[in-house]
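Please open the model in your viewer with the sequence panel alongside, and keep a selection tool at hand. The stops below go from the whole chain to single residues.

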Amino acid sequence: MGKRYYCDYCDRSFQDNLHNRKKHLNGVQHHRAKKSWFDNFRDAATFLNEERTKEPCRKFLQSGQCVFGTSCRFSHMTERHMKMLEQKIDDEKRQKEDPDQDGSSTERSIDEWLTRREKKLAALTSGRVLKMEEEECAENIEIPPYLLSIPDLPPSLHPPPTGGWRVTLHNEWG
């Protein structure tokens with residue numbers, strides 16, 4: 001059967017030889033698929049500038065639909081969408097200029113949490129706390145909620161279960 005060439009942009013495969021590959025890579029469908037793939041990664045500012053240079057699509061404004069879809073050479077964005085995009089760009093610029101604006105409060109709260117945790121653990125190890133208070137301290141260790149909301153958090157960073165970890169002994173190997 002021979003080797004096959006698979007194009008990631010077009011999601012197609014065909015027999016791999018010089019003629020077929022050149023024909024595919026120079027084809028209109030491949031160029032459109034490649035352009036739409038890279039358009040997914042454009043930043044909002046370039047997208048907004050391109051949309052502003054385009055004239056509004058009459059068919060889209062009249063009926064809300066356009067037969068050309070995303071390949072239409074006219075703009076399908078309303079004024080409201082452009083304003084929302086401008087707001088998003090402004091927010092991104094503010095975060096780039098002053099990245100500590102939002103992050104400083106979270107860093108402080110993490111530092112506070114770590115110092116409180118160290119104090120509690122130091123008190124536990126020194127034996128100054130009674131056994132009943134040890135259990136309460138272990139259960140009352142406060143973990144900031146935004147740390148728990150991180151998706152796919154490794155198990156080692158999750159808080160311990162309320163009853164403690166199960167201990168299983170593995171006497172046999174192999």
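What follows is a tour that starts with the whole chain and then moves from one selection to the next.

**The whole chain.** Begin by selecting everything, bearing in mind that this is a predicted model. The protein chain has 174 residues, of which 14% count as buried, and its secondary structure comes to eight helices and two strands. If you step along the sequence in cartoon view, the elements appear in the pattern β-β-α-α-α-α-α-α-α-α. With the surface switched on, you are looking at about 15,400 Å² of accessible area, 54% of which belongs to carbon and sulfur atoms. Among contacts between residues at least 6 apart in sequence, 30% join residues at least 24 apart.

**Colour by confidence.** Next, colour the chain by pLDDT, which averages 79, with 79% of the residues scoring at least 70. Which elements have the lowest and the highest mean pLDDT? Helix α7 (residues 131-139) has the lowest mean, at 47, while helix α1 (residues 18-25) has the highest, at 94. Now select residues 129-138, where pLDDT stays under 50 and for which the model has four contacts beyond four places in sequence.

**The surface patch.** Select Tyr9, Trp37, Phe38 and Phe41 together, and show their side chains as a surface: these residues make a nonpolar patch of about 450 Å². Within that selection, pick out Phe38, which is found in helix α2, spanning residues 28-39. Phe38 counts as partly exposed because its relative accessibility is 44%, a value between the 20% and 50% cut-offs.

**The annotated span.** Move on to residues 51-79, which UniProt lists, in an unreviewed entry, as "domain: C3H1-type". In the model this span is 34% helix and 0% strand, and its end C-alpha atoms lie 11 Å apart.

**Ser75 and its contacts.** For the last stop, centre the view on Ser75, in the loop between α4 (58-63) and α5 (79-97). Is Ser75 buried or exposed? Ser75 is buried, because its relative accessible area is 5%, and buried means under 20%. To see which residues Ser75 touches, leaving aside those up to four places away in sequence, add Glu51, Lys54, Glu55, Pro56, Cys57 and Met82 to the selection.

Key:
Residues numbered from 1 in each chain as written. Predicted model: local features only at pLDDT ≥ 70, side-chain atom pairs only at ≥ 80, totals over all residues. Heavy atoms only, no water. Patch = residues over 30% accessible without salt bridge, like charges linked within 9 Å, V, L, I, M, F, W, Y side chains within 5 Å. Areas by Shrake-Rupley, 256 points an atom, 1.4 Å probe, with all protein chains shown as cover. Salt bridge = Lys/Arg side-chain N within 4 Å of Asp/Glu carboxyl O. Helix = DSSP H or I, 4+ residues; strand = E, 2+ residues; numbered from the N terminus. Buried < 20%, exposed > 50% of the residue type's maximum accessible area, 1.4 Å probe, protein only. UniProt positions renumbered as here; feature names shortened; annotations may be inferred. pLDDT = per-residue confidence, 0-100. Contact = heavy atoms within 4.5 Å.
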